[in-house]
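Grab your viewer and try these short exercises. Each one has a task and then a worked solution.

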Amino acid sequence: MNPADAEPAARIQVLVVDDEKPLAGMIAAYLSREGYQTRLAHTGPDAVAAAQEDAPDVVVLDLGLPGMDGVEVCRRIRTFSDCYIIMVTARTDEVDKLIGLSVGADDYLTKPLSMRELVARVQTVLRRPRTPTGTTPRVEEPARVFGDLRVDVAGREVHVGGVLIDLTPTEFDILATLASRPKLAFSRRQILDEVWGESWVGDDHVVDVHVAHLRHKLGDDSTAPRYVRTVRGVGYRMGLG
């Protein structure tokens with residue numbers, strides 16, 4: 001169920017992780033003003049412990065942390081939670097941003113932060129459904145099958161050869177988008193609009209990083225992909241499996 005639609009903001013938990021305590025406090029204050037419940041952590045180990053204890057809906061995660069960097073924190077959180085993770089980095093090097101996304105982050109921002117943009121990004125990720133939304137009865141959508149790959153959109157599960165594959169919410173949403181119209185070649189911008197929302201602003205190559213990670217989990221060979229094909233000069237489309 002989509003947290004943003006299912007419950008008021010006051011019930012949505014946001015974990016803010018940054019070793020700059022004044023900045024972390026400012027982020028938490030802005031989010032609290034929007035009605036979100038917030039908790040702070042200032043080290044990597046404390047962030048993992050807080051995520052395990054509170055099960056937050058969103059984690060705003062700084063890349064440079066004492067004790068354990070943000071990339072490792074992200075990896076560890078992904079072993080027990082499918083919460084939305086927004087990475088924050090003071091480094092403008094594109095590699096740092098993409099490394100964070102490759103371990104399961106859903107979005108990224110660079111410092112100095114615009115608090116208004118941060119709040120907008122939190123609102124955007126929360127609009128992505130983790131399970132089907134709505135209370136109106138409807139016919140359950142059948143699973144889509146591409147060779148050994150089975151995409152169960154209603155249950156938000158993916159199997160390859162009968163084995164359940166553990167995808168992040170963003171990875172699943174990209175795959176479900178491609179599977180929804182398997183004959184269509186989606187541009188990166190179209191994928192961004194479908195998954196991140198039309199208001200999202202950023203480098204569209206974040207799609208490539210998520211697709212690379214998705215292929216790895218599916219056991220798809222990028223040089224001869226069976227499930228997610230590259231359409232040169234356009235973007236991606238589903239393969240036959």
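**Exercise 1: around R229**

Leaving out neighbours within four places in sequence, list what R229 is in contact with (heavy atoms within 4.5 Å).

Solution. Step one: apply that filter, and R229 touches R215, G235, Y236, R237, M238 and G239. Step two: place the residue; R229 lies in strand β11, residues 228-231 (strands are DSSP E runs of at least two residues, helices H or I runs of at least four, both numbered from the N terminus). Step three: check the C-alpha atoms of R229 and L178, which sit 9.9 Å apart although 51 residues separate the two along the chain.

Before going on, a note on the model: it is predicted, so local features need pLDDT of at least 70 and side-chain atom pairs pLDDT 80 or more, while totals for chains, interfaces and linings use all residues. Numbering runs from 1 along each chain as its sequence is written, and side-chain values use heavy atoms, without hydrogens and water.

**Exercise 2: exposure**

Work out why R229 counts as partly exposed.

Solution. Its relative accessible area is 38%, and the class spans the range between buried (under 20%) and exposed (over 50%), with a 1.4 Å probe and protein chains only. For the whole protein, 46% of the 241 residues count as buried.

**Exercise 3: a charge and a ring**

Find which residue lies over the face of Y30.

Solution. R33 does, at 4.8 Å from the ring centre; the test wants NZ of Lys or CZ of Arg within 6 Å of the centre and within 35 degrees of the ring normal.
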